[in-house]
Structure formats: structure tokens, C-alpha cells
Amino acid sequence: MSTAEQSAAILPEVRQFLQAGPLAAFVGGCDMVSSNGEVFQTCDPGSKQVLAEVYALQPDDVDRAVRAAAEAFARSGWARMAPNDRGVLLHRLADAVEKRKKVIAQIESLDAGKILAQAEGDVQNFVDTLRYYTNMALYVQRRSALAVSGCEAWTVRHPWGPCGFIFPWNFPMLLVGWNISPALAAGNTVVIKPAEDTPLSAIYLARLAKEVGLPDGVINVVPGLGHVAGAALAGHPGVKRMSFTGSPEVGRLVGAACGKNLVPVKLELGGKGAAVVFEDVNVRHTARRLVEAITFHSGQVCCDATRWLVQKSIYEQFVEECANRLKKVQVGYQLAEQSQMGPVVNQKQFQRVLGYLQRGCQEGAQSVLEGGPAEVAGRDGYYLKPALLAGSLDNVAAREEIFGPVAYLAAFADEEEAVAMANHTDYGLANSVWTSDLARAQRVAEAMVAGNSWINAHNLFPHGVPYAGVNKSGMGGGVLSAETLLDYWRPQSVVRPL
């Protein structure tokens with residue numbers, strides 16, 4: 001592990017945004033402060049310095065936001081607007097975000113501890129996703145005739161109304177794009193609850209929406225604490241459809257709250273993905289790709305490959321190659337040009353990763369690469385070294401989601417054992433298989449129990465391919481495909497006897 005310095009300068013627009021006093025929520029097209037005046041701080045995880053103060057909304061404030069979204073849905077004309085007219089406004093929003101990509105990316109990088117180039121990629125992904133769904137909505141046939149004897153019958157799709165979204169801190173801008181884009185393209189209004197650790201890009205986005213002419217109340221942002229503002233949104237009876245991305249533990253609470261109101265909910269939760277590596281791979285290439293995956297955003301990626309299952313004949317060679325590469329990863333401040341891995345998001349996550357390393361070793365895991373705190377010159381942030389553990393898959397570090405730059409290694413003998421080991425988990429989000437035998441790759445990819453399987457790659461998200469989880473990794477449908485757009489229209493049948 002080495003460190004990197006020489007950081008990019010803070011852009012004037014970013015500095016002005018951060019220094020504008022306590023940042024307000026955005027409700028009904030206007031800034032809104034919390035009803036009790038409460039604020040919270042969001043910090044730079046690379047320096048532990050306060051970035052900004054943000055108003056912490058209370059349940060009555062969230063109620064106002066949902067009512068504003070309902071008012072906009074009923075009276076602004078957004079829901080009844082021709083898809084092309086609505087598309088004009090959404091494309092303007094995409095253009096505005098793209099024009100300010102460097103500004104938003106720097107805000108995101110500072111707030112989440114994300115490497116600047118990765119943050120720029122996330123902002124571009126938001127733009128691409130919004131355009132993808134906006135264009136798709138132009139061509140979907142929302143009224144379909146049914147062939148029914150003795151009747152004239154058809155189905156028609158309508159937008160639901162106000163849709164609620166609760167987002168995590170690891171991909172604030174990207175996940176907003178994945179989730180609100182289909183909802184907006186379908187004619188719904190949205191209420192966004194960003195994570196309290198990373199609320200800034202969502203607030204900035206809402207102001208851009210106002211600037212480009214989206215009707216007031218179409219996009220509302222309600223920053224605040226999860227157990228206050230998040231709980232109020234999840235349990236609000238005025239929300240017609242709900243989406244949550246985050247941990248299974250909180251996902252259960254959101255699902256239960258929505259169930260009480262019979263509100264459909266989409267849950268995209270955690271993962272403990274496997275990378276199954278067969279003996280016929282190019283060891284150096286495969287090791288490089290998996291090292292890149294586990295260090296991307298410091299391993300804070302729910303669909304990451306965190307269990308590396310390697311065929312016995314190449315196990316020692318593969319482990320040595322991965323360890324050597326991980327030792328060379330440059331850990332540093334997220335705005336430093338040479339940094340390859342930045343900090344984790346906060347003190348809680350820092351201690352969580354260290355705790356799993358300790359518990360894993362206490363339960364008998366071999367420490368192939370120790371990991372632990374990393375020193376970055378001139379920075380007092382939440383920096384960690386990448387770590388490798390190995391041993392039984394019954395170990396706590398192999399069973400539970402760590403959400404940090406830690407991979408767990410185990411060896412397998414043959415294809416049957418590899419599949420059994422990959423499926424030895426309560427999760428079911430994403431796995432990958434690495435082999436030059438494409439017939440075997442297809443068999444293993446289809447045999448692994450998860451929402452997503454990748455071949456000779458990991459973390460692939462092309463628009464048009466459904467992405468979702470099963471088991472402990474989620475329920476209620478996926479994102480990134482045509483099916484997601486259809487989720488944001490409620491179906492209605494109409495029948496007339498002949």
C-alpha cells in the first residue's frame with residue numbers, strides 16, 4: 001500500500017454551494033428548513049472536516065413534501081403531459097447535469113469519499129440513465145387491446161402518483177438516476193430521502209430541476225436522519241410506490257412500514273457475491289480485475305465480489321498475484337490525482353471493517369494480507385488498507401457483508417463444488433464466473449442463485465439488462481431495464497360487453 005497526494009483545487013461553484021449556510025431541503029419548488037430548526041453536519045471522510053450543515057427534516061416536514069408531490073401530480077399537468085413534452089424537460093435536466101458534471105462530481109467526491117474520476121463516472125451514468133428512460137417512454141404503448149370473446153377490452157397504464165425513494169451513501173447520484181428516472185419518465189412525482197452522510201448532490205439536483213423548468217413539486221428532497229425522515233417517508237400513506245436501497249436490516253423495516261399501508265415496495269439490498277475462478281484463466285488478468293473490483297470505492301459496493309473461490313491447481317499462484325497487486329494500491333485523498341482508493345465513508349464504517357477483520361481472524365481465518373488503518377500524509381481521514389482473508393466459508397467474514405476493501409478466499413476442486421460454495425450464502429445479488437470454457441461459464445452462471453451473473457467480468461450494468469436481487473438481497477423488481485419503466489405505471493383494465 002502506498003499513499004498519493006496533490007489534490008485538485010475546490011471549484012468556486014462547489015465552494016459557494018457548500019458555504020451557503022445550512023442547506024435547505026427542496027419541497028414544492030422552494031427551499032424549506034426543518035420545522036424545529038434542527039440541522040446535521042455532513043463531513044469529508046478524507047479529512048474529517050465539516051463540509052456543510054443541512055437541515056434535518058422532521059415527520060411533519062416529510063408530510064409537507066409528500067403533499068407537495070401529490071399536489072404536483074394532481075394539478076401541475078406533469079402526469080397528463082404528452083411524453084414528448086415531458087421528455088423535453090427531462091432532457092433539459094440531463095443536459096444541465098452534464099454541463100455541471102465537474103461541479104457535481106466534486107461535490108459527490110467530497111461528500112462520499114469517492115475517487116474523483118469515479119464520481120464523474122457516476123454523474124455521467126445519471127445523465128445516461130435519465131436519457132435512456134426518457135427516450136423509452138416515448139415509444140411504449142400504454143394502451144393495449146385484449147382479444148376477449150364477447151367483449152371489447154383493453155388495458156391502460158397510468159402513473160402511480162407520489163413515489164418515495166430512500167438512498168444509501170455509497171452511490172448517491174448514480175442510484176438517484178437509476179431509480180427516479182423511470183418514475184419521472186412515466187409521469188410520477190418523487191420524494192427523495194438521501195443518506196444523512198451524503199445529501200449534497202440530491203439537494204443540488206433538485207435546484208437544477210427548478211432551474212430547467214420542471215413543475216414545482218415534481219422533484220422533492222427531504223434530507224434528515226434515517227430513523228426520523230426516512231421512517232416518516234417509508235410509513236407515509238400518501239406515497240403510492242416506494243423504493244429503498246440499503247442494508248437488509250433497514251430494508252425489513254421499510255418493507256414492514258410499506259406493508260401496513262399496502263404500498264408496493266422495491267428493495268435493493270446487500271450482497272456477498274462470489275467470483276468463481278477456474279484453472280484455465282489468465283491469472284494475472286483475472287487477479288487485476290478482481291483487485292480493481294474490491295478496491296473500487298473502497299469496497300463499499302453491494303454487488304461486489306467479496307468471496308473469491310479459486311480452483312485448487314492455481315490457488316497459491318492466484319493468491320500471491322492478488323496480494324502483490326493489493327499491496328501496490330495507492331490509498332489517498334479522493335481528490336488526489338494518483339489515488340486509486342479513497343477513504344471509507346465514516347467512523348462507523350471504518351470500525352465495522354476493522355471489527356470484521358478481527359472477528360474473522362478470531363474465528364480461524366488466515367490473514368493473507370493484514371489490512372488495517374492506512375496512513376495518508378497530511379490527511380486525518382477514514383483510510384484503510386486492502387485486506388485478504390482465507391479459510392472456511394462458515395467464518396463470519398465469509399458469511400456477512402463487510403462493505404469494505406476485504407476479500408475472502410477459498411479453494412475448490414471441481415465445478416460442482418464451486419457452484420455449491422458460491423450458493424453457500426443467504427444473499428443473492430451478483431456473482432461472476434471466470435473461465436475460457438464458455439460452455440462451462442454458461443452452466444455455472446445459470447446455476448448460481450442470484451439476480452445477476454457475469455462472465456469474465458464483474459460489476460457490469462448495461463442499460464436494458466435487469467438488475468435485481470433475490471433472497472436476502474432484495475425483492476420487488478429490479479432496475480435498468482424496460483421492466484423498471486413498466487413498474488412505474490399502474491395497470492388498469494377496461495371491459496365493455498358487446
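Modeller: A residue counts as buried when its relative accessible area is under 20%, as exposed when that area is over 50%, and as partly exposed in between. The structure discussed here is a predicted model.

Biologist: Is valine 127 buried or exposed?

Modeller: Valine 127 belongs to helix α5, which covers residues 116-137. Its relative accessible area is 0%, and the limit for burial is under 20%. Valine 127 is therefore classed as buried.

Biologist: Which residues does valine 127 contact, leaving aside its neighbours within four places in sequence?

Modeller: A contact requires heavy atoms within 4.5 Å. With neighbours within four places in sequence left aside, the contacts of valine 127 are Ala94, Val97 and Glu98.

Biologist: Which residues touch the most other members of the largest nonpolar core?

Modeller: In soluble globular proteins, nonpolar side chains tend to be buried together. The largest nonpolar core of this model has 109 residues. Those touching the most other members are Leu93, Val97, Ile180, Leu214, Ile219 and Trp308.

Biologist: What does isoleucine 219 touch, not counting residues up to four places away in sequence?

Modeller: Isoleucine 219 is among the core residues that touch the most other members. Not counting residues up to four places away in sequence, isoleucine 219 touches Phe26, Leu93, Ile180, Leu184, Val190, Ile192, Ala206, Ala209 and Leu214.

Biologist: How many residues are in the second, separate core?

Modeller: Phe278, Tyr382, Val406 and Ala418 are included in this second core, which is separate. Its number of residues is 33.

Biologist: Is valine 221 buried or exposed?

Modeller: Valine 221 lies in strand β10, residues 219-221. Among the residues that valine 221 touches, not counting those up to four places away in sequence, are Phe26, Ile192 and Ala206. The relative accessibility of valine 221 is 1%, so this residue counts as buried.

Biologist: How do the axes of helix α3 and helix α7 stand to each other, and which term describes the angle?

Modeller: Helix α3 spans residues 83-99 and helix α7 spans residues 200-212; their axes come within 9 Å and cross at roughly 125°. Angles from 65 to 115 degrees count as roughly perpendicular and those over 145 as roughly antiparallel. The angle between α3 and α7 falls in neither class, so the term is oblique.

Biologist: What is the handedness of the crossing of α3 and α7, which residues make the contact, and how many of them are charged?

Modeller: The crossing of α3 and α7 is right-handed. Helix α3 contributes Leu89, Arg92, Leu93, Ala96 and Val97, and helix α7 contributes Leu205, Leu208, Ala209 and Val212. By class, 8 of these residues are nonpolar, none is polar, and the number of charged residues is 1.

Biologist: Which term describes the angle between α10 and α11?

Modeller: Helix α10 (residues 283-295) packs against helix α11 (residues 315-327) at an angle of about 50°, with the axes 9 Å apart. Angles under 35 degrees count as roughly parallel, and the roughly perpendicular class runs from 65 to 115. The pair falls outside both classes, and α10 and α11 are therefore oblique.

Biologist: How many residues of the contact of α10 with α11 are nonpolar, polar and charged?

Modeller: The crossing of α10 and α11 is right-handed. The contact includes Val283, Arg284 and Leu290 of α10, together with Phe318, Glu321 and Cys322 of α11. In the order asked, the classes hold 8, 3 and 4 residues.

Biologist: How is threonine 155 classed by its relative accessible area?

Modeller: Threonine 155 has its place in strand β7, residues 151-159. Leaving aside neighbours within four places in sequence, its contacts include Arg142, Leu146 and Gln492. Its relative accessible area is 27%, which lies between the limits of 20% and 50%, so the class is partly exposed.

Biologist: Is aspartate 61 buried or exposed?

Modeller: Aspartate 61 is found in helix α2, residues 59-75. Leaving aside neighbours within four places in sequence, aspartate 61 is in contact with Met32, Val33, Ser34 and Ser35. Its relative accessibility is 0%, so aspartate 61 counts as buried.

Biologist: Is leucine 262 buried or exposed?

Modeller: Leucine 262 lies in the loop between α9 and β12, and its phi is positive, near 55°. Its relative accessible area is 77%, and the limit for this class is over 50%. Leucine 262 is therefore exposed.

Technical notes. Residues are numbered from 1 along each chain as its sequence is written. This is a predicted model: local features need pLDDT of at least 70, side-chain atom pairs count only at pLDDT 80 or more; totals for chains, interfaces and linings use all residues. Side-chain values use heavy atoms; hydrogens and water are left out. Axes are lines fitted to C-alpha atoms, for helices over the stretch in contact, and angles run from 0 to 180 degrees between N-to-C directions. Helices (H or I, at least four residues) and strands (E, at least two) are DSSP runs, numbered from the N terminus. A crossing is left-handed if the near helix is turned anticlockwise from the far one by less than a right angle, and right-handed if clockwise. Ala, Val, Leu, Ile, Met, Phe, Trp, Tyr, Cys and Pro count as nonpolar, Asp, Glu, Lys and Arg as charged, and the others, Gly among them, as polar. A nonpolar core is a set of buried Ala, Val, Leu, Ile, Met, Phe, Trp, Tyr and Cys residues joined through side-chain atoms within 4.5 Å. Buried means under 20% relative accessible area, exposed over 50%, partly exposed in between (1.4 Å probe, protein chains only).
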